[in-house]
Amino acid sequence: MSSVQHVPPYARERADYAATHAPDAQIGALVAAVRVNSPAFDAGIEAGMRVTHVNGEALADMITWLWEASDDEVELVVRDPRDGTDAACTLERLPGEDWGISFDGAVFDGMRTCVNACTFCFMHMLPPRMRRTLYIRDDDYRLSFLQGNFVTLTNLSDDDVDRIITHRLSPMNVSLHAVSPEVRRRLMGRNAQRGMEVLERLIDAGIEIHAQIVLLPGENDGAELERTLSWCAERPAITSLGIVPLGYTRFQKRFAASFSDDPAAAKAVIDQVRPYQERFRSERGSTTVQLSDEFYLDAGVEVPPAEHYDGYPQYYDGIGMIRSYLDETDVLVERERGRLDHIAQTLCDRSLSVLVVSGTAARETVSRLVSLANIPGRVCAVENRYFGGNVDVTGLICGCDLLEQLPAELHGVMLFVPDVMFNADGLTLDGYHQDELEAELVDRGARVFIAPTMPEALIDAIERGLAAYNV
């Protein structure tokens, strides 16, 4: 099976990038749902209407909503799409009661997109003919505050900066990468310096910063990384600094290797960062500078203990996931030994085996859980041939690779496919719907379960799957 042949009809071209900047003809926030007997319900607001103003302010994003609707009375202007009319209404609520209204999304006036030319941009390394939305390079400061997205700050106006400071939008998640102007321009393009100017203003105003560095061999490592670490050490507002290695796909010609291809280089980064981690623990009581799990896996070095990760502020940036998984496995095995033995015995009694899908990076970690739990079965680590390069994480597994690499015969197998492969619409990155994948795998004889990947959630899914066999 070719790894790039499955092209759904809606994924023929790249995103209309400029459209993300254009004002929506339907201004305001689309109402997605209204809870029965809530203040919004009592005011006659219904799903499908649009809230255009709150306390006289145009409703462009959830920040305005949270700011203006924080009291127990709020004035709204609501547009009814059935006749296009606007109506003013007043909502009142009891102390502690919510408004009972949910909006479609977090920004309502169009996403702010990226104005940079980063040499390492993963969006520029994507295969052709994927879903249009996958090519949109968001760089919206509002999503940094609301959802934890990393942003460069290069596209902010002075009014945007004033709003962050006035509304205390803290913490902000900022892509830093380097501090030397010439290095930043080489890595990010001509707008790079604007990001530093804004960052300094935010730091001076006391906005907490979670910073990120994408580390490129020979570009911003070595002496430049030393300068960046020293710069951050002088700014206590930077409460975490995550360092992740360059990731690349086969759909580009600029990169052919990263730290994943050079264990010695990965080990050198660990050694270079360690003195700063020790300094921060001594001066601040926190590690602050944290390396992504890939550096430890690539170098063959054991990941640090949980206390190293300061409560995992950059967990979803791939920092501390392995340690969290290992610790949860140990607790689960010790606490739930009887339950695990019962699950294992039930599988044996029914002549069933478990097959857990993971990315190649997590193979040993997930295998350790299966082994310690004495679960009859194994882990299938799916190689990412669709993207190629050094892409190896579970969340980027594609449907074509899953189908190509799983066995053709799966009778008697309880197959657990990671839920992080799918978006909210049930689609993989290469356009397979989970129902389509399930049908194909069921035809091979498997009982298929879309399940979380963390240890306790996975064991829960196995237990539920066994109960389903009794139905």
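**A parallel sheet, a buried threonine and a tyrosine cluster**

Strand E8, which spans residues 209–215, is joined by 7 bridges to strand E9, which spans residues 238–245, and the two strands run parallel. The model in which this pairing is found is a predicted one. Within the pairing, Ile213 stands opposite Ile243 of strand E9. In general, the strands of a sheet pair through backbone hydrogen bonds, and the pairing can be either parallel or antiparallel.

Strands E8 and E9 belong to an open sheet of 4 strands, arranged in the order E7-E8-E9-E10 and paired in parallel. The edges of this sheet are formed by strand E7 (172–175) and strand E10 (289–291), each of which pairs on one side only. On average, and with direction ignored, neighbouring strands of the sheet are turned by 20° against each other.

A second site of interest lies in helix H10, which covers residues 321–335 and includes Thr329. Thr329 has a relative accessibility of 0%, and because buried residues are those under 20%, Thr329 counts as buried. A polar atom of the Thr329 side chain lies 2.8 Å from the backbone oxygen of Tyr325. When residues up to four places away in sequence are not counted, Thr329 touches Arg368, Leu369, Leu372 and Pro455.

Aromatic rings provide the third feature, and the structure holds 9 aromatic pairs. One of them is formed by Tyr312 and Tyr315, whose rings are 6.0 Å apart from centre to centre, with 90° between their planes, in an edge-to-face arrangement. The rings of Tyr315 and Tyr316 have centres 5.0 Å apart and planes at 85°, and this pair is therefore also edge-to-face, since planes over 60 degrees apart are counted in that way. Ring pairs link Tyr309, Tyr312, Tyr315 and Tyr316 into a cluster.

The accessibility of the tyrosines in these two pairs can be described residue by residue. Tyr312 has a relative accessible area of 22% and is partly exposed, whereas Tyr315, at 16% relative accessibility, counts as buried. These two assignments follow from the cut-off, because a residue is buried under 20% and partly exposed between that value and 50%. Tyr316, at 77% relative accessibility, counts as exposed, because exposed residues are those over 50%. The buried Tyr315 thus forms an edge-to-face pair with the partly exposed Tyr312 and another with the exposed Tyr316.

Conventions:
Residues are numbered from 1 along each chain as its sequence is written. This is a predicted model: local features need pLDDT of at least 70, side-chain atom pairs count only at pLDDT 80 or more; totals for chains, interfaces and linings use all residues. Side-chain values use heavy atoms; hydrogens and water are left out. Buried means under 20% relative accessible area, exposed over 50%, partly exposed in between (1.4 Å probe, protein chains only). A polar contact is a pair of N or O atoms within 3.5 Å; within protein, one must be able to donate a hydrogen and the other to accept it, and residues adjacent in sequence count only if both atoms are side-chain atoms. Contact means heavy atoms within 4.5 Å. Two strands pair if DSSP finds at least two bridges between them. Axes are lines fitted to C-alpha atoms, for helices over the stretch in contact, and angles run from 0 to 180 degrees between N-to-C directions. Rings of Phe, Tyr and Trp (its six-membered ring) pair if their centres lie within 6.5 Å; planes under 30 degrees apart count as stacked, over 60 as edge-to-face and the rest as tilted.
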